[in-house]
Amino acid sequence: MRFYKKKLWEQIIFSTLFILFICIPFSCQVEYPEVSEGVRMPTKAVLVLSEGNFQGANASLEVYDPSGSEEVITHAFRKANGIPLGDVAQSITIRGDEAWICVNTSKVIFHIDLSTLKLKGLVKNIPKPRYMHFVNDTKAYVTHLEYPHISIINPKNYQKIGEVKTFMSSDKYAGNALSQSTEEMVAVGKYLFVSCWSYQRTVLVVDMEQDKVVKEIEVGYQPSSMSQDKDGKLWVLCGGAYYKNDGLPSLYRIDTETFEATKVAEIQNLSGDAFHNASNLVMVPDGSSFYFLSVNHIYKMGIYDTVAPSKPAIELPPGNHAYALAIAPESGDIYVADAIDYSQRGVVYRYSADLGEPKDSYRVGIIPGSFAFYSK
Amino acid sequence: MKPVLYLLAINCFLFALPLTAQVDSIPQSRVRSLREVRVSAHRPLSQIGVQQSHLDTILLRDNISQSLSDLLSFGSSLYVKEQGRGSLSTISFRGTAPSHTQVLWNGISLNSPMLGFSDLSRIPSHFVDEASLLHGSSSISKVGGGLGGAIILGTNSEQLPTGHSLLFSQGAGSYDTYDSFLKYSYRGAMWGSTTRLSYAVSKNDFEYLNKNKWELKYDDTGALTELRHPWERNSNGQFKDMHILQELYLQPNDIDKLSLSFWGLSLYRQLPFLDVQYGDSHHLINEQKEQTLRGIMSWQKQLSSLQMTTQFGITSTKQAYDNGYQANEYVEPNFLTQSRSRYTTLLASERILWMPSSKWQVEGELKVAHQMAKSEDLQMYQLDGSLGKKLEAKRLELSAYLSARWQPIPRLGVSPALRWEQFGMRSSPLIPALFLDYLITPWGNLTLKTSVSKNYRQPTLNDLYYLPGGNPDLKPEEGMTYDIGLDFSFYGSDTWAIEGGANWFDSYISNWILWLPYSGARSIWTPRNMHKVHAYGIESHIKGVWQPTSKWTLNLSANFSWTPSINLGPAFNADDLSVGKQLVYIPLYSASAVAYIKYHLWTLTYKWAHYSKRFTMSSNEPTPSGVVAPYFMSDITLGREFVTKWTDLELKLTVKNLFNHRYQTVMGYPMPGTNYQILLTLRPKILN
């Protein structure tokens, strides 16, 4: 093989070009700094958990001080811990001075200290966690989407210690029970009532001493939120099927002693919207009435009413997409979250219990989906 | 000012080099390379006012492991949104949505009739001989609905060498990645055949430092003792792609030309997990499978002033997507989603080109497509009777196009055009367009091009009929686009050539379709005609080739775009901060460059791409999760040819992500650091 002898000018051009191209990317590297500021929690705080977009990895936790300063700490989890909260933050449960955050698609439960929001530990590899209910310091139940069990974890060491199978042998869904999901939980005595939301129509009764489903109660389509009234009855809000002719949203009342369910009312489609729904049943502190969301409106209903309300209790700003609702246990203030376009930071409106003008509004994260109230 | 500076920086750099050229006489072989820069003093009538850019053949042939998304990342200034090799890859053309770019291969649409867009990662570059971009209005000459533009791909029988030829490439790369490509072709006096086989398999399990997670350690009491960022692997990124393409050509005389193409593909892909995923990947199922067959028969008849092309085509696709959890290997998995869909498109078209004189050309096309789609989610079907309705949709689509091209004087070209479309029972209004160009000066072929057109994109089958949530009352998205730009080309003494252009575009798109849960919490996602969007900006490109001696070839190309894409509202309510803001995941600036140096038997290819920051929130707030950082990407390939008696052999070493840049194109999806590939290509001479 004969080697070609390079001329000097060829060598110069070749080398210059190579160096020039190598230099371009070096001169343009951009690095974003990590965020890891500390957080000083107010004495009283409203914690707002924003789901973020599915597969968007942009869930967040905002902290609001309702007691005068009305300051909002945005991205509080990230500021305290230097990492994002994850993908689709579903619920926050406060126990003493600590909180547990279920992050659905990330398959993790974060345990944080409420004085600093610093991470204390985490339960990982847990199938799509939705809600958490503490039995005691060493036992808590976790519900799941797409997993036919309720997990039992030990919050002390973050380990899973057992499971409650969430379908019964006589279950009419037994043939496809492997897809059964579980949602919100309310404990009454030794029984835990668990709604089965995703495309289902049952409320399960779990004996917490045996860790076993002892009863399955049929209710309306897609039961989600539940709350106990002052008479001890459990109210269940069923979101309905997705088409108006296939099952309207409905309210059921369950006798927690006999496990009998009574259909109290259907929630008519007053908006004319093709896709009717209802969600977020929250009881007022004295247990005499409750609020719920339906097609971007807030409705109020007394526990002895037999017909669903036909008019909204609060006029929300037009064009809102009401996504979450909560009542502060001490003040009775009503908090409503508006997801706006589901792609920007949402807004929380705070109304006094007398349903007047909003007392306040503030920005939180993307798709604000749940609230928790904390006081030191 | 900023876009102008970008433009100057890139273009000046590329201009500077060739202008220093010394002019030698060149051998015949170099003429082929110079043709890569499409320098032509003659302006074809078919190109009057058309904004079209061609992807470099050097890029098309650079690497068998490339897909169309790699090609476009480095060979254009379009924004390619991807989650790594083998994963979904979509494109934003002129600041529009992926469904606003139409992708055609040999005349068949590759856009999914259900989703509306095309996954570019499923199109291997070696199944494409020619690729070009029709920008904005210019796309209506080929297809309707390209509000951003169209990507025109095709194979070309005329490039086949006479006789038998065989090419085999085998690549091996980081993360257990193997690519194989075989091409056999025969070209005789009257007929020819090409067979291409492609196979790619990879674990794709690159390692990365996950700064979005902490790994925790506890003491015996459960108290936290240590935390650090973990090194993790991209544990769900495996893919296995197989493609086969068989083409037959028959040219019995000078008038008739027949061709038949079949493209079959079988894909298996895992969908990568987010970097905020804490689940054990061994328990998680998130994967797609696809089998597709595309067939097209084409008959072209060339008479003295008439060219007629008749095409019949079929596309049949079967897709499955599973998302679930499997607690252990002894139990059945629990699925959240088991989606199964199948769609078939039957296509017939007739295109007639009439050239009564050198100054006149009339083109007409009639296209009929019959879309049939079935889709269901097995899980929903089992659990909820109201959701057990399978999507079964059929739609007959008609499209007619008529265009006249006239050059009243040599310097001026005028081309009015009309397109009309009927989708099922929906008829779009006539789509008018006007294209003009004017040769300002023969020096450098400096040509002014301008156009104005309307365009409509019909809702997809999912938009209309998806269960639950489809909205049969949707209107088509409506676009109005204005373009004006300058093109130039220089060439000198057959040793160098440069071409380039810059273009201003201005588009208004109304009735933009947006999927949202409009009814609030826990409601169904449904599409509505919501926003009006103003997408405008500058696109520019430049290409140059220089061959100072028989042993040297230098080829440079660069692209730059500045693409504001602004939501004009209406606002949902007074708190909506999205109006007046850049659309999410649309970079304001994007640029790419390719340098190719051939010296004797050595080649060096350097590819570079840049995207500015992308907002993830419609309000464009610069929060930590609101911005995906800008990045610069560099790939370099060194090649050496070896010529032996029995075979030509080429060895290439490619270094991807040369500077080990930590980057993401989609938030939460890490991309691989520096990785390597070695590629061996054989061209046996035994068959010649």
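**A tour from Ser174(B) to a sheet in chain A**

Select Ser174(B): apart from neighbours within four places in sequence, this residue is in contact (heavy atoms within 4.5 Å) with Asn675(B) and Tyr676(B). This is a predicted model, where local features need pLDDT of at least 70, side-chain atom pairs count only at pLDDT 80 or more, and totals for chains, interfaces and linings use all residues. Residues are numbered from 1 along each chain as its sequence is written, chains are lettered from A and ligands numbered from 1 in the order in which they are written, and side-chain values use heavy atoms, without hydrogens and water.

Ser174(B) sits in the loop between strands S8 (163–173) and S9 (177–187) of chain B; strands are DSSP runs of E, at least two residues, and are numbered from the N terminus. A polar atom of the Ser174(B) side chain lies 2.8 Å from the backbone nitrogen of Tyr676(B).

Next, select Ser618(B), in the loop between strands S33 (614–615) and S34 (627–628) of chain B. Ser618(B) counts as buried (under 20% relative accessible area, 1.4 Å probe, protein chains only) because its relative accessibility is 11%. Its side chain makes a polar contact of 2.5 Å with that of Asp341(A); such a contact is a pair of N or O atoms within 3.5 Å, and within protein one must be able to donate a hydrogen and the other to accept it, while residues adjacent in sequence count only if both atoms are side-chain atoms.

Move to chain A and show strands S24 (334–338) and S25 (345–351), which run antiparallel and are joined by five bridges. Ile334(A) stands opposite Tyr351(A) in S25(A).

Methods:
Two strands pair if DSSP finds at least two bridges between them. Helices (H or I, at least four residues) and strands (E, at least two) are DSSP runs, numbered from the N terminus. Buried means under 20% relative accessible area, exposed over 50%, partly exposed in between (1.4 Å probe, protein chains only).
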